[in-house]
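Please open the model in a viewer and keep the sequence panel visible. The tour below proceeds by selection, naming at each stop what to pick and what is found there.

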Amino acid sequence: MRKSYLFLSVVIIVLLGSCSKWTKKMEVVRDCTGVYLKKDSKDYKVCNESKLDAYETGTKITVDYDVLAECFGLIEQPVCLMYHEYESRIEVVRVKE
């Protein structure tokens, strides 16, 4: 019985520690390569760009987001020949007004 409580405690700690959800105030950046959020001179590629359709470049917003290893969904064809360097890919969970 004691081992199962210990095991359950370890599992809960690991799950809570592995959450990658963040909340930050960031600036919207748009170019021909996609939509990015900028914080501390680092850009983060937004995988679900439609969540930010209402915001123009330069708008500062507070967002909850998850860090992703890859953007999932359809692979889009490149729109331009420009390369936009970014820190990581993110998925916007919620925009706080």
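The structure, a predicted model, holds five salt bridges. Three of these pairs serve as the opening stops.

**Salt bridges**

Select Lys96 and Asp64, whose side chains meet in a salt bridge with an N to O distance of 3.6 Å. This pair links distant parts of the chain, since Lys96 belongs to strand S5 and Asp64 to strand S4, 32 residues apart. Asp64 is buried at 2% relative accessibility, whereas Lys96, at 37%, is partly exposed. Add Arg94 to the selection: Asp64, Arg94 and Lys96 are linked in a network of salt bridges.

Next, display Glu70 and Arg89, which form a salt bridge with their closest N and O atoms 3.9 Å apart. Glu70 is in the loop between S4 and S5 while Arg89 is in strand S5, so the salt bridge ties together parts 19 residues apart in sequence. Both residues count as partly exposed, Glu70 at 43% relative accessibility and Arg89 at 23%.

Then pick Lys45 and Glu49, another salt-bridged pair, with 3.9 Å between the closest N and O atoms. Is Lys45 buried or exposed? Lys45 is buried, with a relative accessible area of 16%; Glu49, at 25%, counts as partly exposed.

**Strand S3 and its partners**

Select residues 42–46, which make up strand S3. Four of these five residues are buried, so the strand is largely enclosed by the rest of the structure.

Now add residues 34–39, strand S2, which pairs with S3 in the antiparallel sense over four bridges. Within this pairing, Leu37 has Tyr44 of S3 as its bridge partner. S2 and S3 form a hairpin with two residues between them. At the turn, select Asp40, which has a positive phi of about 55°.

Extend the selection to strand S5, residues 88–96, which runs parallel to S3 and is joined to it by three bridges. Which residue of S5 is the bridge partner of Tyr44? That partner is Ser88. Ser88 is buried, with a relative accessible area of 19%. Apart from its neighbours within four places in sequence, Ser88 is in contact with Asp43, Tyr44, Lys45 and Val67.

**Asn48 in the loop**

Move to Asn48, found in the loop between S3 and S4. Asn48 counts as buried, at 16% relative accessibility. Not counting residues up to four places away in sequence, Asn48 touches Ile90, Glu91 and Val92. A distance drawn between the C-alpha atoms of Asn48 and Ile90 gives 8.2 Å, although the two residues are 42 residues apart along the chain. For the polar detail, show the side chain of Asn48, which reaches the backbone oxygen of Val92 at 2.8 Å.

**The nonpolar core**

For the last stop, select Leu37, Val46, Leu52, Ile61 and Val63, the residues with the most contacts inside the largest nonpolar core, a set of 13 residues. The elements giving two or more residues to this core are strand S1 (21–31), S2, S3, strand S4 (60–68) and S5. Strand S4 gives the most, with three residues. In soluble globular proteins, nonpolar side chains tend to be buried together.

Finally, centre the view on Ile61. Leaving aside its neighbours within four places in sequence, the residues in contact with Ile61 include Val28, Leu37, Leu52, Tyr55 and Val95. Lys24, Lys25 and Met26 are also among its contacts.

Methods. Residues numbered from 1 in each chain as written. Predicted model: local features only at pLDDT ≥ 70, side-chain atom pairs only at ≥ 80, totals over all residues. Heavy atoms only, no water. Buried < 20%, exposed > 50% of the residue type's maximum accessible area, 1.4 Å probe, protein only. Pairing = 2+ DSSP bridges. Contact = heavy atoms within 4.5 Å. Core = buried A, V, L, I, M, F, W, Y, C linked by side-chain atoms within 4.5 Å. Polar contact = N/O pair within 3.5 Å; in protein donor to acceptor, adjacent residues only side chain to side chain. Salt bridge = Lys/Arg side-chain N within 4 Å of Asp/Glu carboxyl O.
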